[in-house]
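Colleague: I am new to reading models like this one, and I would like to go through it slowly with you. Could we begin with the structure itself and then take the questions one at a time?

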Amino acid sequence: MNPILVVFSGLPGTGKTTLAKALVASTGWVYLRIDAIEQAILRRGNLAEIGATGYEVANEVALGNLGLGNSVVADGVNPVAESREAWHRVASAVEAQLIDVQLVCSDAAEHRRRVETRTADVPGLTLPDWSSVQSHEFEPWAGAPFTLDTAALCVEEALEMLMARLALGA
């Protein structure tokens, strides 16, 4: 069986990291978090703008792991077509199954509450405020990703739906 690359996308505060970690806990797959990679890069250099660097590093690490037969969970905003297409190239290069998972929170009040009450779990990471989340660039998808609305689902329900989509069973 070919490895699986699960790529999470969505605005900050929609539950990507929570669900990605739950998936990794259930599967034992490799976990790549863009925030952690970017913070490590920023600690080592004087980069005013991290840009796509964190995603490029994650793509390479994912490629290496997938090439070894390890399934990978990638946790990031993936706000633009360029980052999404890069994940598609990675999966294609090693004939991995790619599952794009977009998380949304359709309840604006709940989304705002999450953004305003969360705490950083990556050293040095400055979390965005509600205003920056609202103005965050997020390009529409060219195709329809597997979308979960975390305003309507608890983590366990979302994980169960994702596991069913992955045909792994919960």
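Modeller: Before we start, please keep in mind that this is a predicted model. One cut-off is worth having at hand: a residue is called buried when its relative accessible area is under 20%, exposed when it is over 50%, and partly exposed in between.

Colleague: With that in mind, is H136 buried, partly exposed or exposed?

Modeller: H136 sits in the loop that runs between α6 (130–134) and β5. Its relative accessible area is 31%, and a residue counts as buried under 20% and as exposed over 50%. The class of H136 is therefore partly exposed.

Colleague: Which residues does H136 touch, if we leave out those up to four places away in sequence?

Modeller: One partner can be followed along the chain, since H136 and V77 are 59 residues apart in sequence while their C-alpha atoms are separated by 9.9 Å. With residues up to four places away left out, the residues that H136 touches are L11, P12, V77 and P79.

Colleague: Stepping back to the whole chain, in what order do the helices and strands follow one another from the N terminus?

Modeller: The protein contains 7 helices and 5 strands. Read from the N terminus on, the order of these elements is β-α-β-α-α-β-α-β-α-α-β-α.

Colleague: Why can we say that the protein is as compact as a globular protein of its length?

Modeller: The C-alpha atoms fill a box of roughly 45 × 40 × 30 Å along the principal axes, but the comparison itself rests on the radius of gyration. For 170 residues the globule rule gives 15 Å, and the protein is as compact as a globular protein of that length because its radius of gyration is close to this, at 15 Å.

Colleague: What share of the longer contacts, between residues at least 6 apart in sequence, joins residues at least 24 apart?

Modeller: It helps to know beforehand that buried residues make up 44% of the 170 residues in the protein. Among the contacts between residues at least 6 apart in sequence, the share that joins residues at least 24 apart is 75%.

Colleague: Which element gives the most residues to the largest nonpolar core?

Modeller: This core has 20 residues, and those with the most contacts inside it are V6, F8, L23 and V101. The elements that give two or more residues to it are β1 (4–9), α1 (16–27), β4 (97–104), β5 (146–149) and α7 (155–165). With 5 residues, the element that gives the most to this core is α1.

Colleague: How many residues are in the other core that lies apart from it?

Modeller: Its members include L5, I34, V72 and A91. In total, the number of residues in this other core is 18.

Colleague: Which residues of α2 are buried?

Modeller: Helix α2 covers residues 34–44, and Q39 has its place there. For Q39 the relative accessible area is 11%, so Q39 counts as buried; leaving out residues up to four places away in sequence, Q39 touches V122, P123, G124 and L125. The buried residues of α2 pack against β2 (30–33), α3 (53–67), β3 (72–75) and α4 (81–93). Those buried residues are I34, I37, E38, Q39 and I41.

Colleague: Is N65 buried or exposed?

Modeller: N65 belongs to helix α3, and it touches V30, N70 and V72 when residues up to four places away in sequence are not counted. Its relative accessible area is 18%, and the cut-off for burial is under 20%. N65 is therefore buried.

Colleague: Where is N78 found, and what is the sign of its phi?

Modeller: Most residues other than glycine have a negative phi, which makes it worth looking at the value for N78. N78 is in the loop between β3 and α4, and at 0% relative accessibility it counts as buried. Its phi is near 45 degrees, so the sign, in this residue other than glycine, is positive.

Colleague: And is E95, which also has a positive phi, buried or exposed?

Modeller: E95 lies in the loop between α4 and β4, and its phi is about 55 degrees although it is not a glycine. Its relative accessible area is 60%, so E95 is exposed.

Key
Residues are numbered from 1 along each chain as its sequence is written. This is a predicted model: local features need pLDDT of at least 70, side-chain atom pairs count only at pLDDT 80 or more; totals for chains, interfaces and linings use all residues. Side-chain values use heavy atoms; hydrogens and water are left out. Helices (H or I, at least four residues) and strands (E, at least two) are DSSP runs, numbered from the N terminus. The radius of gyration is taken over C-alpha atoms; the globule rule is 2.2 Å times the number of residues to the power 0.38. Buried means under 20% relative accessible area, exposed over 50%, partly exposed in between (1.4 Å probe, protein chains only). Contact means heavy atoms within 4.5 Å. A nonpolar core is a set of buried Ala, Val, Leu, Ile, Met, Phe, Trp, Tyr and Cys residues joined through side-chain atoms within 4.5 Å.
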